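Biologist: Before we use any terms for this entry, could you take me through how each one is earned, setting the value beside its cut-off each time?

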There are 2 protein chains.
Amino acid sequence: MGSNPMGLIVALDSPDRGFEDLVEELCGIVDGFKLGLPLLVGRGPVYTAALRSRCHEGVWIADLKLADIGHVMKLTTSLVVDYVDAVIAHGFIGVRGALGELKEFLERRGKKLVVVASMSHPGAEEVYDKALPLILDAMEKLGPWGVVAPATRPHVIESIRERLGPRVAIMSPGVGAQGAEPGAALCAGADYEIVGRLIVSSPDPRSAALAIRDAQGRRLASCRRG
Amino acid sequence: MGSNPMGLIVALDSPDRGFEDLVEELCGIVDGFKLGLPLLVGRGPVYTAALRSRCHEGVWIADLKLADIGHVMKLTTSLVVDYVDAVIAHGFIGVRGALGELKEFLERRGKKLVVVASMSHPGAEEVYDKALPLILDAMEKLGPWGVVAPATRPHVIESIRERLGPRVAIMSPGVGAQGAEPGAALCAGADYEIVGRLIVSSPDPRSAALAIRDAQGRRLASCRRG
C-alpha cells in the first residue's frame with residue numbers, strides 16, 4: 001500500500017463540455033484530475049492550463065495513452081508537460097527506444113511517468129492479459145512512478161503490488177460505469193481509484209465525490225478487518 | 001500484394017512547423033499523408049482540414065495510435081473523422097469493447113480502420129513481438145482495412161500478408177531515418193511505405209519524394225526478378 005490510503009482521481013474526457021466549474025467544485029475533495037485524449041485533442045494542451053488555474057492542488061495527469069516510438073512520444077508530451085504532473089503511456093511498447101526515453105524526458109522536467117499494465121474491457125483478454133508477465137518484466141526494469149491497472153481485476157493489482165513493491169503508485173480506472181465498486185481496488189492494493197462518469201455526469205458532482213469517498217472508507221475498513 | 005504496387009505515404013508529425021506548402025508540393029507525387037499525434041494535439045483537428053484543402057488527392061490518415069476502450073477511442077476519433085479517410089489504432093487492445101466498436105463507428109461514416117500489428121523500435125522485442133500471434137488472431141477476427149507493420153521487419157510483413165490475405169492494405173513505417181531501404185517493405189508484401197524525415201526534413205522534399213519513388217521501383221523490379 002502506497003502513501004495515500006484512499007485516493008480518488010476524477011477522469012475528464014469529453015471535449016464538448018467545459019470542466020472549469022466542475023474542477024473548482026471538486027478541488028480539495030478529490031486527489032487529482034486525469035485529462036483524457038479526447039479532451040486534449042479537442043480542446044488543445046493550453047486548456048489544461050486553464051483548468052489547472054481553477055485548482056492548484058492534487059496530481060494532474062495527461063492520459064495521452066501514448067504508444068509510439070520515443071521520438072514521437074516526446075514530441076506529443078512536450079505539448080502538455082508544463083501543465084501536468086504526470087503522463088500516461090502503455091507498457092505494451094517496451095522500454096528500449098520507447099518508455100525508457102519517455103521516462104528520462106519526463107524526469108529531466110521533474111515530471112512522472114505512469115504506465116498502463118492492464119485494461120478493463122473484454123478485449124483485454126485477447127492479447128493484453130496474456131502479455132501481462134512480459135509487461136511486468138518491462139515495468140520492473142523501467143521503474144515508473146505509477147502503474148494503471150483496472151479496478152475490475154483485483155488480482156492484477158495484487159500481482160503488480162507484489163512485483164513492483166510498495167513505492168509504485170497504482171491507479172485503477174473501472175469504478176462506477178465499468179462495474180467495480182468504490183474501494184475494491186484500494187483493498188487489492190491500489191493507491192488511487194479513477195472515477196469518470198459517476199462523478200462527472202452526476203447532477204451534483206461534489207456530493208457524488210463525497211459519497212464515493214465514504215464508500216471507499218467503508219470498504220477499506222471492512223477489507224482491513226477481514 | 002495489394003492493388004497499389006508501390007505506394008508512398010508521407011508522415012507529418014511536428015507540431016511546430018506549417019506543412020501547407022509541403023503538402024501542396026507533394027500532392028500527386030505521393031499517395032497520401034499520415035498525420036501524427038503530436039501534430040493533431042498541437043495544431044488541433046481543424047488543422048487537418050486546412051492541410052487537406054491543399055491536396056484533395058490521396059489517402060489521409062490520422063495516426064492517433066489509439067489504444068483505449070471503445071467509448072474513449074470513439075470520442076477522440078469523432079474529432080477528426082470528417083477530415084480524414086482512415087484512423088490508426090493499436091492491435092494489442094483487442095476486438096471486444098475496443099477495436100470492434102471503433103471499426104463499426106468508422107464504417108458507419110465511410111471511413112477505414114488501420115491497425116498496428118508490430119512496431120520498429122528495439123523495445124518492441126520485449127512485449128509486442130512476442131504477442132504477434134495473438135494480435136494476428138485478433139486481426140483475423142476484426143478484418144481491418146489496413147495493418148501497420150515496420151519496414152525493418154520484412155518477415156512480419158510476410159506473415160501478415162499470408163495470414164490476412166491479398167486485400168488488406170499493409171503500411172510500413174521505418175523507411176529512411178529508422179534504417180529500412182525504400183522498396184524493401186514492398187518486396188516483402190507491403191502496399192505503402194511511410195516516410196517521414198527523409199522527405200520532410202529534406203531541403204527539396206519534392207525531389208526527395210521522387211528519388212524514393214525511383215528507389216522503390218528499382219528495388220521492386222529486382223525483387224520480382226529474383
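Modeller: Let us begin with Glu126(B), whose relative accessibility is 9%; since buried means under 20% relative accessible area, Glu126(B) counts as buried. Please keep in mind throughout that this is a predicted model.

Biologist: Where is Glu126(B) found, and what is it in contact with, leaving aside its neighbours within four places in sequence?

Modeller: Glu126(B) is found in the loop between strand 5 (112-116) and helix 6 of chain B. With those neighbours left aside, Glu126(B) is in contact with Gly94(A), Val95(A), Arg96(A), Leu134(A), Ala138(A) and Lys141(A).

Biologist: What makes the approach of the Glu126(B) side chain to the backbone nitrogen of Val95(A) a polar contact?

Modeller: The side chain of Glu126(B) reaches that backbone nitrogen at 2.6 Å, and the cut-off for a pair of N or O atoms is 3.5 Å, so the distance criterion is met. Between chain B and chain A the count is 14 residue pairs in polar contact, both residues being at pLDDT 80 or more.

Biologist: Which elements give two or more residues to the side of chain B that touches chain A, and which gives the most?

Modeller: The elements of chain B that do so are helix 2 (37-43), strand 3, helix 4 (70-77), helix 5 (95-108) and helix 6 (132-142). Helix 2 of chain B gives the most to that side, with 5 residues. The residues on the side of chain B that touches chain A divide into 25 nonpolar, 13 polar and 9 charged.

Biologist: How much area is buried between chain B and chain A, and how many residues does the contact take from each chain?

Modeller: The contact takes 47 residues from chain B and 47 residues from chain A. The area buried between the two chains is about 3,800 Å², of which carbon and sulfur atoms give 67%. In chain B, Val41(B), Phe92(B) and Glu126(B) lose the most area to chain A, together 18% of what that side buries.

Biologist: What makes the pair of Lys65(A) and Asp68(B) a salt bridge?

Modeller: Their side chains meet at 3.0 Å, N to O, and the rule asks for a Lys or Arg nitrogen within 4 Å of a carboxyl oxygen of Asp or Glu, so the pair qualifies. Across the interface of chain B and chain A the rule finds 8 salt bridges, while the structure holds 36 over all chains.

Biologist: What is the distance between the side chains of Lys65(A) and Asp63(A), and are these two residues buried or exposed?

Modeller: The side chains of Lys65(A) and Asp63(A) meet in a salt bridge at 2.7 Å, N to O. Lys65(A) has a relative accessible area of 13% and is buried, and Asp63(A), with 3%, is buried.

Biologist: Why can the salt bridge of Glu24(B) and Arg54(B) be said to tie together parts of chain B?

Modeller: The side chains of Glu24(B) and Arg54(B) meet at 2.9 Å, N to O. Glu24(B) lies in helix 1 (residues 20-26) of chain B and Arg54(B) in the loop between helix 3 (46-52) and strand 3 (59-66), so the pair ties together parts that are 30 residues apart in sequence. Glu24(B), with a relative accessible area of 46%, is partly exposed, and Arg54(B), at 32%, counts as partly exposed.

Biologist: How do you know that the buried residues of helix 6 of chain A line one face of the helix?

Modeller: The buried residues of helix 6 (residues 132-142) of chain A are Leu132(A), Ile135(A), Leu136(A), Ala138(A), Met139(A) and Leu142(A). Seen down the axis of helix 6 of chain A, these residues fall within an arc of 160°, so they line one face of the helix. What covers them includes helix 5 (95-108), strand 5 (112-116) and helix 7 (154-164) of chain A.

Biologist: Finally, why is Cys187(A) called partly exposed?

Modeller: Cys187(A) has a relative accessible area of 27%, and because partly exposed is the range between 20% and 50%, Cys187(A) is placed in that class. Cys187(A) lies in helix 8 (residues 184-188) of chain A and, not counting residues up to four places away in sequence, touches Arg219(A), Leu220(A) and Cys223(A).

Conventions:
Residues numbered from 1 in each chain as written. Chains lettered and ligands numbered in written order. Predicted model: local features only at pLDDT ≥ 70, side-chain atom pairs only at ≥ 80, totals over all residues. Heavy atoms only, no water. Buried < 20%, exposed > 50% of the residue type's maximum accessible area, 1.4 Å probe, protein only. Helix = DSSP H or I, 4+ residues; strand = E, 2+ residues; numbered from the N terminus. Contact = heavy atoms within 4.5 Å. Buried area = accessible area lost by both parts, 1.4 Å probe. Polar contact = N/O pair within 3.5 Å; in protein donor to acceptor, adjacent residues only side chain to side chain. Nonpolar A, V, L, I, M, F, W, Y, C, P; charged D, E, K, R; others polar. Arc of directions from axis to C-beta.
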